[in-house]
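Visitor: Before we discuss anything, could you put the sequence and the model on display?

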Amino acid sequence: MGKLFSKKKPKLTQDDLEFLKNNTNFNEVQIKEWHRGFYQDCPNGQLTRKKFLEVYKQFFPSGNAETFCDHVFRTFDQDNSGSIDFREFLLAINVTSSGTPEQKLKWAFRMYDVDGNGTIELSEMVKIIQAIYDMLGAEVTSQQDTPEARAKMIFDRMDENGDGKLEEDEFTKGCLADEDLYKILTAS
């Protein structure tokens, strides 16, 4: 009966190790270190939305990080299971910490594409920018720079064909051509 309730840490499979070595910038030792830390924080191997929010709030104590956290969590949770496993976690950490500008923008595009239809509408950008402003807190944002005004400014600069939505290539090209936009939209 003791084995049934064992708290033994799940082993990093060879398949996961090879996959992560081939799809991240981490080496085997680093992957194993990340794995150890992940299972210390998430003994069941799943990072829940609640735990994710607890961690995120520590970085933004003066603001409300919950809505932004929901968007980041949705983007990390690639299989839409409602939790983040180690593979999803490390892939996301890799992109956000050491990915190329193009990889970061692809990730950011998925976050801004709230409904997952392959385009970003103005209303989706307003939601994300509002969430960023809420997270940063009132002392960091100005009343003149509303989420609506910021989103409209971004759309005016990026929406090349004027169709009221951003495809991934417009988003990527617009960000790569404008360093300020890149910093705003990827939180760099």
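Guide: Let us begin with Lys-50, which is exposed with a relative accessible area of 61%, where exposed means over 50%, buried under 20% and partly exposed in between, for a 1.4 Å probe and protein chains only. This is a predicted model, in which local features need pLDDT of at least 70 and side-chain atom pairs count only at pLDDT 80 or more, while totals for chains, interfaces and linings use all residues. Residues are numbered from 1 along each chain as its sequence is written, and side-chain values use heavy atoms, with hydrogens and water left out.

Visitor: What separation do the C-alpha atoms of Lys-50 and Glu-66 have?

Guide: Lys-50 has its place in helix H3, helices being DSSP runs of H or I with at least four residues and strands runs of E with at least two, numbered from the N terminus. Along the chain, Lys-50 and Glu-66 are 16 residues apart, and the separation of their C-alpha atoms is 9.6 Å.

Visitor: Are H3 and H4 parallel, antiparallel, perpendicular or oblique to one another?

Guide: The axes of H3 (residues 49-59) and H4 (residues 66-76) come within 10 Å and cross at roughly 125 degrees, the axes being lines fitted to C-alpha atoms over the stretch in contact and the angles running from 0 to 180 degrees between N-to-C directions. Angles under 35 degrees count as roughly parallel, over 145 as roughly antiparallel, 65 to 115 as roughly perpendicular and the rest as oblique. The crossing angle therefore makes H3, relative to H4, oblique.

Visitor: Which residues of H4 does H3 meet?

Guide: Contact means heavy atoms within 4.5 Å. From H3, the participants are Arg-49, Phe-52, Leu-53 and Tyr-56. On the H4 side, they meet Glu-66, Phe-68, Cys-69, Asp-70, Val-72, Phe-73 and Phe-76.

Visitor: Is Asn-94 buried or exposed?

Guide: Asn-94 is found in helix H5 (residues 86-98). Leaving aside neighbours within four places in sequence, Asn-94 is in contact with Asn-23, Thr-24, Asn-25, Phe-26 and Gly-99. Because its relative accessibility is 3%, Asn-94 counts as buried.

Visitor: What is the phi of Asn-80?

Guide: Asn-80 has its place in the loop between H4 and strand E2 (83-84), and at 63% relative accessibility Asn-80 counts as exposed. Most residues other than glycine have a negative phi. Although Asn-80 is not a glycine, its phi is positive, at about 55 degrees.
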